[in-house]
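Subject: Structure for you to look through

Hello,

Please find below the structure I promised to hand over, and take a moment to turn it around on the screen before reading on. My notes on what was found in it follow underneath.

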Amino acid sequence: MKFYNSLGPNPRLVRMFMLEKGMDIPTEEIDIMGGENRRAPYTDVNPAGQMPSLTLDDGSNIAETIAICECLEELHPQPALIGSTPSERAQTRMWTRRIEYKVSNPLTDGFRYAEGLPMFKDRIRTIPEAADGLKALAREGLQWLDGQLEGREFVAGDRFSLADIALYAFCDFAPGVGQPLDPALKNLHGLLERIASRPSAEASIHPAAKAGGMRA
């Protein structure tokens with residue numbers, strides 16, 4: 001297999017998942033700052049030009065972070081980060097989808113249309129006038145999630161899962177791109193502190209992000 005890696009919260013999500021699995025997959029670095037992900041040969045791997053991607057042993061390519069993690073879980077079931085039973089897997093997928101819909105998607109587009117506009121304006125359709133509203137949606141999503149976390153050790157209950165990794169990768173990225181987390185969200189911050197204490201959290205930070213004082 002080969003993992004196509006870069007800066008950004010999406011590749012970090014998969015790196016953290018692989019570290020939790022104890023997987024060491026050969027990596028090819030893609031320069032997203034230079035737009036390498038938006039042209040061949042990378043677009044032959046992922047025509048959408050998004051990061052990251054995974055090439056499997058049979059030569060097929062998988063993109064989209066959650067799909068990659070699902071594939072890795074199937075290939076290496078232990079430790080189970082999606083679930084060991086149908087109910088556990090459904091719970092993880094439900095919470096992961098809620099995090100994508102309510103937090104990571106609006107947070108990411110809020111960044112792309114504002115602080116990230118110089119980088120993205122010539123690569124994708126951007127809507128600068130939507131940035132403030134998208135950031136507000138992400139804040140509201142985090143506030144809602146904070147209430148849901150009351151009494152929970154992790155997002156899906158008492159077990160660490162892909163949902164926690166998905167949330168952490170974007171919440172750790174947000175303050176560095178103009179979206180600080182509300183300190184009043186005590187349940188959220190408690191969860192993020194628990195995840196940050198895991199070795200995979202620090203080990204998954206991209207070296208270029210560290211050099212630039214970011215966490216992605």
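A salt bridge, as the term is used here, is a side-chain nitrogen of Lys or Arg within 4 Å of a carboxyl oxygen of Asp or Glu. Please keep in mind that this is a predicted model, and that the values below were computed from it.

With that definition in hand, look at Lys121 and Asp122, whose side chains meet in a salt bridge with 3.2 Å from N to O. Lys121 is partly exposed, at 45% relative accessibility, whereas Asp122 has a relative accessible area of 66% and counts as exposed, because that term applies over 50%. Salt bridges that share partners also join Arg12, Asp172, Glu202 and Arg215 into one network. The structure holds 12 salt bridges, and two others are worth finding on the screen.

One of them is formed by the side chains of Glu28 and Lys2, at 3.0 Å from N to O. This pair links distant parts of the chain, since Glu28 sits in strand S2 (residues 27-29) and Lys2 in strand S1 (residues 2-5), with the two positions 26 residues apart in the count along the sequence. Glu28 is partly exposed, with a relative accessible area of 30%, and Lys2 is also counted as partly exposed, at 31% relative accessibility.

The other joins Asp109 and Arg112, whose closest N and O atoms are 3.2 Å apart. Because these residues are 3 apart in helix H4, Asp109 and Arg112 are separated by about one helical turn. Asp109 is partly exposed, with a relative accessible area of 21%, and Arg112 is partly exposed as well, at 23% relative accessibility. As general background, side chains of opposite charge can pair when their charged atoms come close.

Let me turn now to the interior. How many of the residues of H7 are buried? The count is 12 of 12, so the helix is mostly covered, with buried meaning under 20% relative accessible area. Among these buried residues are Leu162, Ile165, Leu167, Tyr168, Phe170 and Phe173, and the charged-type residues Asp164 and Asp172 are on the list too. Helix H7 reaches 17 Å from its first C-alpha to its last, which is close to the 16 Å expected at 1.5 Å a residue. Its buried residues pack against H1, helix H3 (65-75), helix H4 (86-112), H6, H8 and H9.

Helix H8 (residues 186-196) can be read in a similar way, with Leu188, Gly190, Leu191, Leu192 and Ile195 as its buried residues. What covers them includes helix H1 (9-21), helix H6 (131-148), helix H7 (162-173) and helix H9 (199-203).

The largest nonpolar core has 51 residues, and those with the most contacts inside it are Leu13, Val14, Leu72, Leu142, Val155, Leu167 and Leu188. At least two residues of this core come from each of H1, H3, H4, H6, H7 and H8, and the largest share, 10 residues, is supplied by H7. To see one member more carefully, take Leu72, which, leaving aside its neighbours within four places in sequence, is in contact with Met1, Val14, Phe17, Met18, Met23, Ile25 and Leu54. A second, separate core of 6 residues includes Ile30, Ile32, Val45 and Met51.

Which residues lie nearest the centre of the largest pocket? They are Pro9, Asn10, Met51, Thr108 and Arg112, out of a lining of 42 residues. About 920 Å³ of space lies in this pocket. The elements that each supply at least two residues of its lining are H1, H3, H4, helix H5 (117-120), H7 and helix H10 (207-211), and H4 gives the most, with 8 residues.

Finally, have a look at Lys210, which has its place in helix H10 and is partly exposed at 46% relative accessibility. Leaving aside its neighbours within four places in sequence, Lys210 is in contact with Glu202 and Ile205. Lys210 and Arg38 are 172 residues apart in sequence and 24 Å apart in space, C-alpha to C-alpha.

With best wishes

Definitions and conventions: Residues are numbered from 1 along each chain as its sequence is written. This is a predicted model: local features need pLDDT of at least 70, side-chain atom pairs count only at pLDDT 80 or more; totals for chains, interfaces and linings use all residues. Side-chain values use heavy atoms; hydrogens and water are left out. Buried means under 20% relative accessible area, exposed over 50%, partly exposed in between (1.4 Å probe, protein chains only). Helices (H or I, at least four residues) and strands (E, at least two) are DSSP runs, numbered from the N terminus. Contact means heavy atoms within 4.5 Å. The expected span of a helix is 1.5 Å times one less than its number of residues. A nonpolar core is a set of buried Ala, Val, Leu, Ile, Met, Phe, Trp, Tyr and Cys residues joined through side-chain atoms within 4.5 Å. On a 1 Å grid over the protein atoms alone, a cavity is a set of points where a 1.4 Å probe fits but cannot get out, and a pocket is an open set with protein on both sides within 12 Å along at least five of seven lines; lining residues have an atom within 4 Å of a point. Grid points are joined across faces, edges and corners, and a volume is the space filled by probe spheres set on the points.
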